[in-house]
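Please find below a short note on the aromatic side chains of this structure. The points are numbered for ease of reply.

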Amino acid sequence: MGETEQGGAKQVAQKQVQLRSGWRPKVTALVPCYNSAAFISRTLDSLAAQTWDNIEILVGEDNSTDATFEIVSAFAGGRDDVRILRRDKNLGWLKNSNDLMANASGELMFFAFHDDVIDPTYIEALVRALDANPEAVLSFSDVEVIEVRRESATWKFDLLEGLQDGFVRGRVMARQPHGWWVPNRGVFRAWAFHRSGGIKPNSQGEFSADWTWLLHLSLLGGFVRVPQVLCHKYYRAGSISRRWERNSTQRRALRAAGIREVWHSEAGLAQRTFLAAYIALRPWRWLPRSREAERRGNRQSVHGSPDN
């Protein structure tokens, strides 16, 4: 970004801060990355272009074997809002992400995955949504998904809109509804990480671990949807969720992880018992993942999770 563009973005950010009622939280962008030299620059550029000026960019460089570290180091040069945590061994996205959350200094945070791009007003819009909904734990936008072949589709998740009761939200998320993953591209309160214990693996490793994470967050507070496309998810042939197998063993592992997450939440005993039984007994149906469906722009879950 040139000096003129940076100056313009800074002026917008200063105007935005003046328009607020006083709350000016630091927002940490969590950037877990591994072997992403071919595409991470566009993610970093989209962070640099944000209209929200109180930002920390925290990069977890997961012992890449390509030029990822050199690229993020060059980006950080001359910037006082970037920190790089370089791993001396590969942690995997889950441990990398948890460690980033543990080291973040922001009151709010979000995952800026290394193949995602966000619009300049992404942080500003989602912070405003949380400011207007102090009981909410997370705010998120609609997401454009760009497939490997460049077909695209817009995803939205509106099943939690207006739900004030944690048990009701938990029951929605417990069935892994269509598009459940979309809120994971949102801004959440830092205390939610500490109260939930972070993103946990299941007996099959990292498979759909973000579902149990979002399930727990839904029990802690509301999810607020900003009905705009502010995040763009780019799929690559080597994307992690594309490599996951989807079979009965993983389905059982995911059920067990969901039950564990509910049971260790702050919900009441009767609510935890109901939700645990609901997860254990409700039939799940895996969505088709055919290439033809992708070419048609079918809005299937990127994790191949059950539909409602």
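1. Phe111, Phe113, Phe188 and Trp213 form a cluster in which the members are linked by ring pairs. The model is a predicted one, and the remarks that follow should be read accordingly.

2. Across the whole structure, a search returns seven aromatic pairs. One of them joins Phe110 and Tyr122, whose ring centres are 5.1 Å apart; the planes meet at 55°, so this pair is classed as tilted, since that angle falls neither under 30 degrees nor over 60.

3. The location of this pair deserves attention. Phe110 belongs to strand β4 (residues 108–111) and Tyr122 to helix α5 (residues 122–132), so the contact ties together parts that are 12 residues apart in sequence. Phe110 is buried, with a relative accessible area of 0%, and Tyr122 is likewise buried, at 0%.

4. Phe274 and Tyr278 make a stacked aromatic pair, with 6.0 Å from centre to centre and 15° between the planes. Both residues lie in helix α11 (residues 269–281), where they are four residues apart, about one turn of the helix.

5. How accessible is Phe274, and is Tyr278 buried or exposed? Phe274 has 35% relative accessibility and therefore counts as partly exposed, because the value lies between the 20% and 50% limits. Tyr278 has a relative accessible area of 18%, which is under 20%, so Tyr278 is buried.

6. Two charged side chains also merit inspection. The charged end of Arg86 is placed over the ring of Phe69, 3.7 Å from the ring centre. Lys233 lies over the face of Tyr235, 4.9 Å from the centre of that ring.

How values were computed: Residues numbered from 1 in each chain as written. Predicted model: local features only at pLDDT ≥ 70, side-chain atom pairs only at ≥ 80, totals over all residues. Heavy atoms only, no water. Phe/Tyr/Trp six-rings, centres within 6.5 Å; stacked < 30°, edge-to-face > 60°. Helix = DSSP H or I, 4+ residues; strand = E, 2+ residues; numbered from the N terminus. Buried < 20%, exposed > 50% of the residue type's maximum accessible area, 1.4 Å probe, protein only. Lys NZ or Arg CZ within 6 Å of the ring centre and 35° of its normal.
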